[in-house]
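Visitor: I'd like to walk through the open and closed spaces of this protein, and then one of its helices. Shall we get started?

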Amino acid sequence: MKNIILTSNGFINSSPRSKEIDELFKTIANGKKVMILGNATLGGSNASQREPVKSNFENVGAKKVDIIDINKENLNDILEYEVIYAIGGDPRYLLDLVATTNVKEILKQFLKSGGIYIGESAGSMILGNNLKWVWEVKKGTKPKYDIEPESYEGLGFTNYNIFPHWNVTKEDIKKKALEHNETITPLNDGEFIEIEYVC
């Protein structure tokens, strides 16, 4: 099994999931300790999905499931888990986490020790090198994209520029994304990409 799973809508209940994703998450989480990294929901975006996602992991046999907002003080908590699920929401909060902590190094340790990272929406996007393209494409579409982060630097664990929820994105935004000078990887709800990140 590869150690990074990139998804569009992951394990949320508000949009259709594929049977493949449900089976994959059951295989990954059964008997494991799962952390739901909640930072992307700190501004309220997607916050209503935190508890349902936790229940979904419990229902597929996870041994322990905790929702944690990571900061400088509790960063090492990541290493106590076997699966990290980065829930979606506002990617700016994940960019802030990368810019203000050494979360990148901690996640490298986590992956090197056999951990699996699952990204949902913003949690998948943050794995890219730089997220400036997101604001250039989406500015004006939602208030969260009118507030620029201090840094656009992502984790750099993949060269994919994931554009989640492609199947429900307006055509004018799709056109703007496909014409951008960065190569965009559209991901529909229910789809996923597995990659092996070598630390």
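Visitor: Which class of residue, nonpolar, polar or charged, has nine members in the lining of the largest pocket?
Guide: Bear in mind that this is a predicted model. The largest pocket holds about 480 Å³ of space, and 22 residues line it, with Lys-138, Lys-142, Tyr-145, His-165 and Thr-169 the closest to its centre. Sort that lining by class and you get five charged residues, eight polar ones and, for the class you're after, nine that are nonpolar.

Visitor: Now the closed space: which element gives the largest share of the lining of the largest cavity?
Guide: There's one cavity of 30 Å³ or more, with a volume of about 80 Å³. Its lining includes Leu-94, Leu-97 and Val-98, along with Val-103 and Leu-107, and the elements giving two or more residues are helix 3 (91-100) and helix 4 (103-112). The largest share is three residues, and that comes from helix 3.

Visitor: And how many charged residues are in that cavity lining?
Guide: Run through some names, such as Leu-37, Ala-86, Tyr-117, Ile-126 and Leu-155, and each counts as nonpolar. The full split is ten nonpolar, no polar and, for charged, none.

Visitor: On to helix 7: why do its buried residues line one face?
Guide: The buried ones are Ile-173, Lys-174 and Ala-177, and they pack against helix 6 (132-138) and strand 6 (162-163). On the other side, Glu-171, Asp-172 and Lys-175 are exposed. Looking down the axis of helix 7, the buried residues line one face because they fall within an arc of 100 degrees.

Key. Residues are numbered from 1 along each chain as its sequence is written. This is a predicted model: local features need pLDDT of at least 70, side-chain atom pairs count only at pLDDT 80 or more; totals for chains, interfaces and linings use all residues. Side-chain values use heavy atoms; hydrogens and water are left out. On a 1 Å grid over the protein atoms alone, a cavity is a set of points where a 1.4 Å probe fits but cannot get out, and a pocket is an open set with protein on both sides within 12 Å along at least five of seven lines; lining residues have an atom within 4 Å of a point. Grid points are joined across faces, edges and corners, and a volume is the space filled by probe spheres set on the points. Helices (H or I, at least four residues) and strands (E, at least two) are DSSP runs, numbered from the N terminus. Buried means under 20% relative accessible area, exposed over 50%, partly exposed in between (1.4 Å probe, protein chains only). The arc is that of the directions from the helix axis to the C-beta atoms. Contact means heavy atoms within 4.5 Å.
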